[in-house]
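Work through these exercises with the structure open beside you. Try each task before you read its solution.

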Amino acid sequence: MTTQVISITLSEWETKGPDNCAELKCRFLEDSRNDRQVADLLTKSQMLVLSELRHGLQVTSRSHIGRVRIGDLSVTILPKIKGTSLLSLIRYAYGFRKLKLISEPAQLVDQYGIEDLLVCQLNTEVQELISRGLLRAYIPTSERLSSPRGRINVSRIALDGGIATATLPCHYYPRVEDTLFNQVLMSGLKLAGSIASVVDLQRESRRLASLMEEQVSTVRLDGMLLNRACRQMNRLTGAYSSSLSIIRLLMEAQGVVLEGQAASTKLPGFLFDMNAFFQALISRFLQENLPSYSVCDEHALKGMMRYNPKFNPRRRQSPTPRPDYVVFQQKSICSILDAKYRDLWTKDLPREMLYQLVVYAVSQSDCRQSSILYPTNDVLAKEARIDVSDPVFGSHLGRVCLRPVHLPLLEKLVTSSSAQVCRDRAEFAIKLAFGETP
């Protein structure tokens, strides 16, 4: 007997439960150990919070979008950013090329999910690589040949005691397509074919992979293999950069890693981290549009916190705060910034975020200020500031700024290249890094 699947759809940072969703009323998690384990992992990682209430199940989305299935419940989380705008910002954040996709890319996100948009981009990137010709490399090969090729291995003949067969040991360098980059590319296409929910995208991914199967060997796709490919990236392999970035996103969005765990647990679905995307988006924008400054991602504030050597029985390493960005001018810190994918114009600032920002603010002797950058679509959103004072003497200790990033404006700035827009980019970057003048 086939189990009927119940589907619900949410937006980011939305809660649905038995009171506002009929599908969740009198519905609870199945007793399957695997389903409960998946639900616990999602809740602990804050990717998707599932709570069993008295009258049914409550589902709360966070900063992840996509689709996941827990037992007979399928949950789809849609982004608040429109599909075309999201595609433009993702392209800019990760450096994807603007290639011709399907006529309505927004439809993929609105009706299916972010995974289909990424698979569509990957298929187009790979089609471009194949049409230009896949990368070939000279691979060292040693084998016995009846028709000598390359350099004859005289040492091997001596070790064998002479020529006893009609072949000679040869060492040569054939130029082949079976390179690390093409191996990762083919494995990524097969992964994309298993992830996509649109049949046409599945078929296209598998077709492209089949074009490479005769010349390229199959490898097991994992993080270590992708890191190895990235380390070997150079000017000759730069065309593969976008494809490898998409494959990494597809692979990482299939698993969840809890703090303290080395390996990820595979999920029955696809959840894309919008917080990581927003962080990458702001990082690239600041680095490109603050020419007089240097922007360092996740810079360690060393020496701020230290275990007392006399009271550290477990010999643990001292905690090191790492803000998302630190803006330097020469060697002096000018601004400390964090990026969080949460609209703080309509939602309150969580106290754990506030405490973290206060730590960043008081960590410096000169720049006693830290700021959090958050996305919003509200044109009325303005910067808010929280002054931190000594509770006894009332002296000023630092300041925390809540700074909005207007996404429609950011999209307009990164998708245009006119001279005026270049000046507007620089002004907007200064505003994000240092705030509005009073």
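**Exercise 1. A surface patch**

Is Trp 345 buried, partly exposed or exposed? Keep in mind that this is a predicted model.

Solution.
- Step 1. Find the residue. Trp 345 sits in the loop between β17 (332-339) and α11 (351-362).
- Step 2. Recall the cut-offs. Buried means under 20% relative accessible area, and exposed means over 50%.
- Step 3. Compare. Trp 345 has a relative accessible area of 37%, so this residue is partly exposed.
- Step 4. Look at the neighbours. Trp 345, Val 379 and Leu 380 make up a nonpolar patch on the surface. Together these residues have about 340 Å² of accessible area.

**Exercise 2. The partners of β5**

Find which strands pair with β5, and in which sense.

Solution.
- Step 1. Locate the strand. β5 covers residues 64-70. Five of its seven residues are buried, and β5 is thus mostly covered.
- Step 2. Take one partner. Strand β14 (residues 269-273) runs antiparallel to β5, and five bridges join the two. Check a pair: His 64 is opposite Asp 273 in β14.
- Step 3. Take another partner. Strand β6 (residues 73-78) also pairs with β5 in the antiparallel sense, over five bridges. Here Ile 70 faces Leu 73 in β6.
- Step 4. Inspect the turn. β5 and β6 form a hairpin, with two residues between them. In that turn, Gly 71 has a positive phi of about 65°.
- Step 5. Recall the background. Strands of a sheet pair through backbone hydrogen bonds, either parallel or antiparallel.

**Exercise 3. Order in a sheet**

Work out which strands stand at the edges of the sheet that contains β2 and β3.

Solution.
- Step 1. Write down the order. This open sheet has three strands, β2-β4-β3, with antiparallel pairing.
- Step 2. Count partners. β2 (15-16) and β3 each have a single partner strand, so both are edge strands. One side of each is left without a neighbour in the sheet.
- Step 3. Check one contact. β2 pairs with strand β4 (residues 57-61) over two bridges, in the antiparallel sense. Thr 15 has Thr 60 as its bridge partner in β4.

**Exercise 4. Salt bridges**

How many salt bridges does the model have, and what does the pair Glu 52 and Arg 36 tie together?

Solution.
- Step 1. Start with the principle. Side chains of opposite charge can pair when their charged atoms come close.
- Step 2. Count. The total is 17 salt bridges.
- Step 3. Examine the pair. Glu 52 forms a salt bridge with Arg 36, and their closest N and O atoms are 3.3 Å apart.
- Step 4. Place both ends. Glu 52 lies in strand β3 (residues 48-52) and Arg 36 in helix α1 (residues 33-44), so the bridge ties together parts that are 16 residues apart in sequence.
- Step 5. Check exposure. Glu 52 is partly exposed at 37% relative accessibility. Arg 36 is partly exposed too, at 29%.

**Exercise 5. Two further bridges**

Classify the exposure of each residue in the bridges Arg 385 to Glu 383 and Glu 436 to Lys 431.

Solution.
- Step 1. Take Arg 385 and Glu 383. Their closest N and O atoms are 2.8 Å apart. Arg 385 is partly exposed at 37%, whereas Glu 383 is buried at 15%.
- Step 2. Take Glu 436 and Lys 431. Their salt bridge spans 3.4 Å, N to O. Glu 436 is partly exposed at 33%, and Lys 431 is partly exposed at 35%.
- Step 3. Now find a network. Arg 144, Arg 156 and Asp 160 are joined into one by salt bridges that share partners.

How values were computed:
Residues numbered from 1 in each chain as written. Predicted model: local features only at pLDDT ≥ 70, side-chain atom pairs only at ≥ 80, totals over all residues. Heavy atoms only, no water. Buried < 20%, exposed > 50% of the residue type's maximum accessible area, 1.4 Å probe, protein only. Helix = DSSP H or I, 4+ residues; strand = E, 2+ residues; numbered from the N terminus. Pairing = 2+ DSSP bridges. Salt bridge = Lys/Arg side-chain N within 4 Å of Asp/Glu carboxyl O. Patch = residues over 30% accessible without salt bridge, like charges linked within 9 Å, V, L, I, M, F, W, Y side chains within 5 Å. Areas by Shrake-Rupley, 256 points an atom, 1.4 Å probe, with all protein chains shown as cover.
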